[in-house]
Amino acid sequence: MSTYEATHRASIETPEEFWAKAADGIDWEKRWYKVLDNPEPNIYRWFSGGRLNTCYNALDRHVERGRGDQAAVIYDSAVTGTKRTVSYAQLLDDVSRFAGVLASAGAGKGDRIIIYMPMIPEAIVAVLACARIGAVHSVVFGGFAAAELATRIDDAQPTLIVSASCGIEPSRIVEYKPLLDEAIELASHKPRHCVIFQRPQVEAGMTKGRDLDWQDAMATATAHDCVTVEATDPLYLLYTSGTTGQPKGIVRDNGGHAVALHWSMKSIYGVDPGEVYWAASDIGWVVGHSYIIYGPLLHGNTTVLFEGKPVGTPDAGAFWRVASEHKVATMFTAPTAFRAIKQQDPDGKLIGDYDLSAMRALFLAGERCDPDTLHWAEDRLGIPVIDHWWQTETGWAIAANCLGLELLPVKAGSVGPAAPGWDVRTLDAAGEDVAPGDVGAIACKLPLPPGTLPGLWNAREKFIEKYLTTFPGYYETGDAGFIDEDGYVNVMSRTDDVINVAGHRLSTGAIEEVLAGHPDVAECAVIGVGDAMKGQLPLGFLVLKAGVDRSPDDIIAETVRMVREQVGPVAVFKQAAVVARLPKTRSGKILRGTMRQIADAEEYKVPATIEDASVLDEIGGALKAIGYAN
Ligand code: COA
Ligand code: AMP
């Protein structure tokens, strides 16, 4: 039996033993009384009774054990031309003092703190300072509009918000403060204070009495010690898109999360403490939480915080420069980034300009990786390129070729076998396993391993309904695909209305809500159409109200502006078509799946339940007119 098989089998047959052993990698204030608790049917908790502090495990213990001078964070900002290395000792000092700032501004254990920040070291300081005082952070990605931030403020009800004066995109400076002020104005809940980090590029206007200046507050702050929390207490909330416009607040606990992420660094990614690990993502996404911040720091690695893009900052060699300069051992990014690089440097000539001899593996996740991109990266880099699959909900990989256990053959198009801890199945509508190679809904048998979502913030029923009801005894991933004869998982598509744009998870429902708010729009639908670089792009269909005789182009342009203002630029909503009707089933359900197949010029069957099949020809015509369905 291979090492992978033996490890996977042990994790499924004796999960408590398996994860209790992994928990030795974490320092506990008090050991748990139960490794796996099952307080009610289908609801599980890891390490009940255990007490710890996640920040202590990420920083203090490394400094106490001699890693104080090692780089904890290498900040490399291609958009400002700045590089800064922060040692573990320095980061501990900064985090302890910022924890003091948060505490004196009124935040304590269990309070929520929203962090709306660009990719600067202070964002990591803010995250860890929350963990230090037992507050629950909720990071909101900078590319979202004020209205999206407001929704999260109302749901999380934060005591404080931590932000910065601006983010820097290659083409423009994004002033965060006006967006933050607008979001607070829109939200019913008002935070007590906002702590604002002033970047040299923009000075944010401050609201007297409410806003505190980060630098001023830090100058007089006193260090705050770690507050011990329960293993089952929440460490953070991270909002992600579901089928509706209301995002879901994924909860992450302290104990299971620390154990799983620490374990994953060696077992999945194959890195040892002291090595440099780089996840080229954003702290606003789960990849950023797990593998820019927590995983590497819990494990005593050096993490790279890159503020820039794979192309255009300044060129398609940016990733290779960063990897070679900082001697990155393992790298992690989204396939989109590689498609962007490949488009600008098809032969990978720029790779030759850099010494990448330290790099042992490249991991990809966030969206389906097309085999061409995988092979291109393999051929140019000459190292294993490993696609692995996970979700905001799971916090770490559900399926992966676990490099640290043993490198199994890489199969392009597959995300590898189930990771230890995961009993992954493909099920039919009745909940029965389908045969190897047949497509089914991908579900994971309960209990899920540590580090996965114990629930949704303030939405217990929704949690049960969304994830645990369709297939009793299983977690429903929302993805569909097949498992081959060798146990390799292939993730093909979503089973819901979630789309994936440049590795960013978006809800078509959220965009539809905005379109429906246009005064001339009677009805609308949004689908994700295939895009060579970003994987998918949202495309809208608008049915106008009777009697509207304005130019369709003007109406479309207005909806594009509205989505940018209300969801954010990250939605990349740029195209729509005005149509007379939408294809529907007899019960009135819009046939988005069929529309997507037509747009992507895939073979499709006319659904038996369609109300009027001739609408599909009209949709095909409208799509052809804007360059799709060819
Ligand atoms: N703050 C504010 N705006 C942001 C932002 C942020 N943090 N991130 C993105 N945006 C904006 C961009 O400026 C752009 O706006 P524009 O319409 O004015 O040009 C828009 O949102 C879309 O951004 P993006 O999807 O990044 O597209 P791009 O064309 O600027 O770059 C890629 C294309 C491929 C280089 C980029 O999508 C990329 O790096 N993808 C990797 C994704 C990734 O790491 N995903 C994480 C999951 S692992
Ligand atoms: P997010 O929660 O933003 O990480 O998005 C999770 C979703 O992205 C998954 O449910 C999948 O639909 C998709 N996804 C993530 N990684 C992969 C992958 N390696 N292959 C295919 N799809 C992926």
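**Exercise 1. In which loop is Pro447 found?**

Before you start, note that this is a predicted model. Now find the two elements on either side of Pro447. They are β23 (440-445) and α14, and Pro447 is found in the loop between them. Next, check the bond leading into the proline: Leu446 and Pro447 are joined by a cis peptide bond, with omega at about 0 degrees. Why bother looking at that? Most residues other than glycine have a negative phi, and most peptide bonds are trans.

Stay in this loop for one more step. Asn458 also lies between β23 and α14. Asn458 is not a glycine, yet its phi is positive, at about 55 degrees. With a relative accessible area of 64%, Asn458 is exposed, because the cut-off for exposed is over 50%.

**Exercise 2. Find a cis peptide bond that involves Pro314, and place Pro314 in the chain.**

Start with the bond: a cis peptide bond joins Thr313 and Pro314, and omega is about -5 degrees. Then look at the neighbours. Pro314 sits in the loop between β17 (302-307) and α11 (318-325).

**Exercise 3. Is Ala502 buried or exposed?**

First, locate Ala502: look in the loop between β26 (498-501) and β27 (504-507). Second, check its backbone. Ala502 has a positive phi, near 55 degrees, in a residue other than glycine. Third, take the relative accessible area, which is 16%. Buried means under 20%, so Ala502 is buried.

**Exercise 4. Classify the ring pair of Phe18 and Trp263.**

A pair of aromatic rings is described by the distance of the centres and the angle of the planes. So let's go through both.

- Distance: the centres of the Phe18 and Trp263 rings are 6.0 Å apart, and the limit for a pair is within 6.5 Å.
- Angle: the planes of Phe18 and Trp263 stand at 70 degrees, so this pair is edge-to-face.
- Place: Phe18 belongs to helix α2 (residues 15-22) and Trp263 to helix α9 (residues 255-267), so to speak distant parts of the chain, 245 residues apart.
- Cover: Phe18 and Trp263 are both buried.

Now compare Lys21, which lies in helix α2 too. Lys21 has 67% relative accessibility and therefore counts as exposed. Its C-alpha is 9.8 Å from that of Trp263, although Lys21 and Trp263 are 242 residues apart in sequence.

**Exercise 5. Do the same for Phe463 and Tyr467.**

The ring centres of Phe463 and Tyr467 are 5.9 Å apart and the planes make 50 degrees, which gives a tilted pair. Both residues belong to helix α14 (residues 460-468), and they are four residues apart, or about one turn of the helix. For cover, read off the accessibility: 7% for Phe463, which is buried, and 3% for Tyr467, which also counts as buried.

**Exercise 6. How does the radius of gyration of the chain agree with that of a compact globule?**

Step one is the expected value: for 630 residues, a compact globule would have a radius of gyration near 25 Å. Step two is the value for this chain, 24 Å, which agrees. Step three is the box: the C-alpha atoms fill roughly 70 × 65 × 55 Å along the principal axes. Finally, look at what's inside. The chain has 18 helices and 30 strands, and buried residues make up 61% of the 630 residues.

Definitions and conventions: Residues are numbered from 1 along each chain as its sequence is written. Chains are lettered from A and ligands numbered from 1 in the order in which they are written. This is a predicted model: local features need pLDDT of at least 70, side-chain atom pairs count only at pLDDT 80 or more; totals for chains, interfaces and linings use all residues. Side-chain values use heavy atoms; hydrogens and water are left out. The radius of gyration is taken over C-alpha atoms; the globule rule is 2.2 Å times the number of residues to the power 0.38. Buried means under 20% relative accessible area, exposed over 50%, partly exposed in between (1.4 Å probe, protein chains only). Rings of Phe, Tyr and Trp (its six-membered ring) pair if their centres lie within 6.5 Å; planes under 30 degrees apart count as stacked, over 60 as edge-to-face and the rest as tilted.
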